[in-house]
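Trainee: Could you take me slowly through the enclosed space inside this protein, and then through the places where the backbone does something uncommon?

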Amino acid sequence: MTKRVCNFYAGPATLPLPALKKAKEELLDFNGTGMSIMEISHRSKEYDAIHQESKDLVRKLMNIPDEYKILWLQGGASTQFWMVPLNLRQDDKPFEYVNTGVWSKKAIKEAGFYGKVNVVASSEDDNFSYIPKKIEFSKNISFAHITGNNTIYGTEYHDWPNTYGDVPLVCDMSSNIMDKKIDVKRFGVIYAGAQKNIGPAGVTLLIVREDLLNRVNEEIPAMQKWITHAKKDSLFNTAPTWAIYMCKLSLDYLKSIGGISAIEKINKDKAKLLYDMIDNSNGFYKGHAKPDSRSLMNVTFNLPNEELEQKCVKEALDEGLVGLKGHRSVGGMRASIYNAMSIDGVKKLVDFLKQFQEKNQ
Ligand code: PMP
């Protein structure tokens, strides 16, 4: 039998087993073609069916209104850090960002190449352990930007800040896309590297309100403009066909279990198991995120000292609990419990951590 572990990596991350099995089944002969989907032209009718279905799944699962375009792009979320300001800047209007961690900072730095950036709120004063409560964006700005979930620190927005009038709110949802129901109409643009919650590395999902596509200066290279990709249905150049196919299989699975409302409930149950364990550990495990900012996707915590943290990560590994070492900026441990992580996987982790505490406190 194939060995499968409980994979808590922050990304690339665990994928639904049925999606992997289906990919394995179809690897050598996709749909009777005698070829792998990887070997088929991105202009073929066989691939086109996958392409369209993948977008339909995103639209239906997230209940995305018709006036939004769904694009599959390359270059990771990091490419959107500069594509966002390049495509949305208007005259001399500044951009406003909320700084909630490493990924926000990187987005802010890249935006600085395209215009004036104002940081209107930050949680840097407490090592990014919370989402700022008071976020007020100005009126006369090109766009407002937030990082929906902070993968490294384990904090997540549970309410969205408002913007004035038609100022678009842009959100990096790389590590929490589809973790809970959202009202897409609150946003002008949503982007997410696929490799955490919806698929493998190599493709980035961009959801953009159509009217915003016209802001860009036409006189720049084609690949840099969202509108190029929108006009050609994300097939302007060779699409990352395998990555999109894997996203489609993983979203098929999400749909089969009841979609985002079903996974939201499961995600809340999973997160509660871990946070309750932390809260009931008499301080042996200390959560990094403030309770009202806790992420459903990345649970970050420390042990009494670094030695114990290393021991815990190692012993967990021996039990088939993989990828639990925290990011260097927080240290400690991080359990990434994305949509594809089962409740049983989380229960196994909780049992292990309780036993570890008993033996080591
Ligand atoms: N934003 C967030 C919230 C992330 O977690 C990451 C990757 N860990 C990125 C952006 C960067 O994504 P990519 O590697 O796809 O460029």
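Mentor: Let us begin with the enclosed space, keeping in mind that this is a predicted model. The count comes to one cavity of 30 Å³ or more, and the largest cavity holds about 30 Å³ of space. As general background, rolling a probe the size of a water molecule over the atoms shows where empty space is left. Around the largest cavity you will find T14, L15 and P16, then K196, N197, I198 and G199, and in addition S250, Y338 and A340. By character, this lining divides into five nonpolar residues, four polar ones and one charged residue.

Now for the backbone. Most residues other than glycine have a negative phi, and most peptide bonds are trans. Against that background, look at the bond joining G11 and P12, which is a cis peptide bond with omega of about -5°; P12 itself sits in the loop between strand 1 (6-7) and helix 1 (17-26).

Next comes N31, which is not a glycine and yet has a positive phi of about 55°. N31 lies in the loop between helix 1 and helix 2 (45-62), and because its relative accessible area is 63%, over the 50% cut-off, N31 counts as exposed.

F128 also has a positive phi of about 55° without being a glycine, and its place is in the loop between strand 4 (117-122) and strand 5 (143-147). With a relative accessible area of 4%, which is under 20%, F128 is therefore buried.

Definitions and conventions. Residues are numbered from 1 along each chain as its sequence is written. This is a predicted model: local features need pLDDT of at least 70, side-chain atom pairs count only at pLDDT 80 or more; totals for chains, interfaces and linings use all residues. Side-chain values use heavy atoms; hydrogens and water are left out. On a 1 Å grid over the protein atoms alone, a cavity is a set of points where a 1.4 Å probe fits but cannot get out, and a pocket is an open set with protein on both sides within 12 Å along at least five of seven lines; lining residues have an atom within 4 Å of a point. Grid points are joined across faces, edges and corners, and a volume is the space filled by probe spheres set on the points. Ala, Val, Leu, Ile, Met, Phe, Trp, Tyr, Cys and Pro count as nonpolar, Asp, Glu, Lys and Arg as charged, and the others, Gly among them, as polar. Helices (H or I, at least four residues) and strands (E, at least two) are DSSP runs, numbered from the N terminus. Buried means under 20% relative accessible area, exposed over 50%, partly exposed in between (1.4 Å probe, protein chains only).
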